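Colleague: I would like to learn how to read a protein model, one feature at a time. Could we begin with the charged side chains?

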Amino acid sequence: MRYLFLALMAASVPALAAEPLPFWFEGDVSRVAGYQSVEDHPCGVIAIVKVDKLPPFGKGRLTSEKAVEMDASGKAIRRWPIPVDATPVAVRDNQLMFEYGDKRYWVEPDGKVQRAGKLSLPAVKEAQCKTAIEFKDADYVHCEAFPDMGTRVPRTIAYEGACA
């Protein structure tokens with residue numbers, strides 16, 4: 001009986017599946033595991049790579065954008081990697097939900113990512129935040145107050161939106 005319970009519990013947790021997502025890159029990425037293509041982007045060139053864990057931001061051959069939870073003084077509380085052109089839409093505990101295309105994903109600070117189910121999302125409000133340290137020289141920074149989906153406490157998330 002115990003093994004049946006454990007098997008049912010394991011079946012109810014969605015497995016991480018590799019998903020094709022866009023990232024900034026340096027050098028030749030054609031041999032990176034999961035490589036799909038290189039495509040033009042309004043801000044440069046991106047690589048589409050199938051991943052089950054997002055690469056870190058700012059270092060390595062593939063790099064993610066970042067979303068940052070900020071306190072009232074502008075200090076970073078938590079950071080998440082997100083794909084290029086992804087939009088944060090919700091937050092819950094240490095996870096951030098983002099949309100890319102017509103799909104939603106949960107990501108953890110270490111980059112572990114999984115598909116999100118269909119959830120009703122709380123309303124998000126524009127917020128003021130001090131982002132100079134985290135997003136120096138960025139032109140498309142957005143700050144929004146997201147009610148935590150568990151506690152409903154507002155949390156300020158800053159991220160760089162898609163360039164025009």
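**Reading the model**

Modeller: Asp 110 and Lys 112 form a salt bridge through their side chains, with 3.8 Å from N to O. Keep in mind that this is a predicted model.

Colleague: What is the general idea behind such a pair of side chains?

Modeller: Side chains of opposite charge can pair when their charged atoms come close. The cut-off used here is 4 Å between a side-chain nitrogen of Lys or Arg and a carboxyl oxygen of Asp or Glu. Asp 110 and Lys 112, at 3.8 Å, meet in a salt bridge by that rule.

Colleague: Are Asp 110 and Lys 112 buried or exposed?

Modeller: Neither word fits, because buried means under 20% relative accessible area and exposed means over 50%. Asp 110 has 37% and is partly exposed. Lys 112 has 40% and is also partly exposed.

Colleague: Which residues do salt bridges with shared partners join into one network?

Modeller: That network consists of Glu 69, Arg 78, Asp 148 and Arg 155. Within it, Glu 69 and Arg 78 form a salt bridge whose closest N and O atoms are 3.1 Å apart. Glu 69 counts as buried, at 7% relative accessibility, while Arg 78 is partly exposed at 26%.

Colleague: How many salt bridges does the structure hold?

Modeller: There are six. One of them links the side chains of Arg 104 and Glu 99, at 3.0 Å from N to O. Arg 104 is partly exposed, with a relative accessible area of 24%, and Glu 99 is partly exposed at 27%.

Colleague: Now the secondary structure. How many helices and strands does the protein have?

Modeller: The protein has one helix and 13 strands. Read along the sequence, the helix comes before the strands. Of the 164 residues, 38% count as buried.

Colleague: How do strands hold together in a sheet?

Modeller: Strands of a sheet pair through backbone hydrogen bonds, either parallel or antiparallel. In this model, one open sheet has four strands in the order S7-S8-S9-S10, and their pairing is antiparallel.

Colleague: Which strands stand at the edges of this sheet?

Modeller: Strand S7 (87–92) and strand S10 (113–115) do; each has a single partner strand, so one side of each is left without a neighbour in the sheet. Neighbouring strands of this sheet are turned by 30° against each other on average, direction ignored.

Colleague: How many bridges join S9 to S10?

Modeller: Three bridges join strand S9, residues 103–107, to S10, and the two run antiparallel. To see one, find Tyr 105, whose bridge partner in S10 is Arg 115.

Colleague: Tyr 105 also has a ring. How does one describe a pair of aromatic rings?

Modeller: One gives the distance of the centres and the angle of the planes. The structure holds one aromatic pair. In it, the ring centres of Phe 98 and Tyr 105 are 5.2 Å apart and the planes are at 25°, so the pair is stacked. The cut-off for stacked is under 30 degrees. Both Phe 98 and Tyr 105 are buried.

Colleague: Which strands pair with S12?

Modeller: Strand S11, residues 125–126, pairs with S12 in the antiparallel sense over two bridges. The bridge partner of Glu 126 in S12 is Glu 144. Strand S13, residues 154–160, is joined to S12 by seven bridges, and these two strands also run antiparallel. Here Ala 145 has Thr 156 as its bridge partner in S13.

Colleague: How many residues of S12 are buried?

Modeller: Five of its seven residues are buried, and strand S12 (residues 141–147) is mostly covered.

Colleague: What lies between S12 and S13 in their hairpin?

Modeller: The hairpin has six residues between the strands, and Arg 152 takes a positive phi near 70° there.

Colleague: Where else should I look for a positive phi in a residue other than glycine?

Modeller: Look at Asp 85, with phi near 70°, and at Asp 93, with phi near 55°. Asp 85 is in the loop between strand S6 (76–82) and S7. Asp 93 is in the loop between S7 and strand S8 (95–100). Asp 85 is partly exposed, with a relative accessible area of 32%, whereas Asp 93 counts as exposed at 56%.

Key
Residues are numbered from 1 along each chain as its sequence is written. This is a predicted model: local features need pLDDT of at least 70, side-chain atom pairs count only at pLDDT 80 or more; totals for chains, interfaces and linings use all residues. Side-chain values use heavy atoms; hydrogens and water are left out. Buried means under 20% relative accessible area, exposed over 50%, partly exposed in between (1.4 Å probe, protein chains only). Two strands pair if DSSP finds at least two bridges between them. Axes are lines fitted to C-alpha atoms, for helices over the stretch in contact, and angles run from 0 to 180 degrees between N-to-C directions. Rings of Phe, Tyr and Trp (its six-membered ring) pair if their centres lie within 6.5 Å; planes under 30 degrees apart count as stacked, over 60 as edge-to-face and the rest as tilted.
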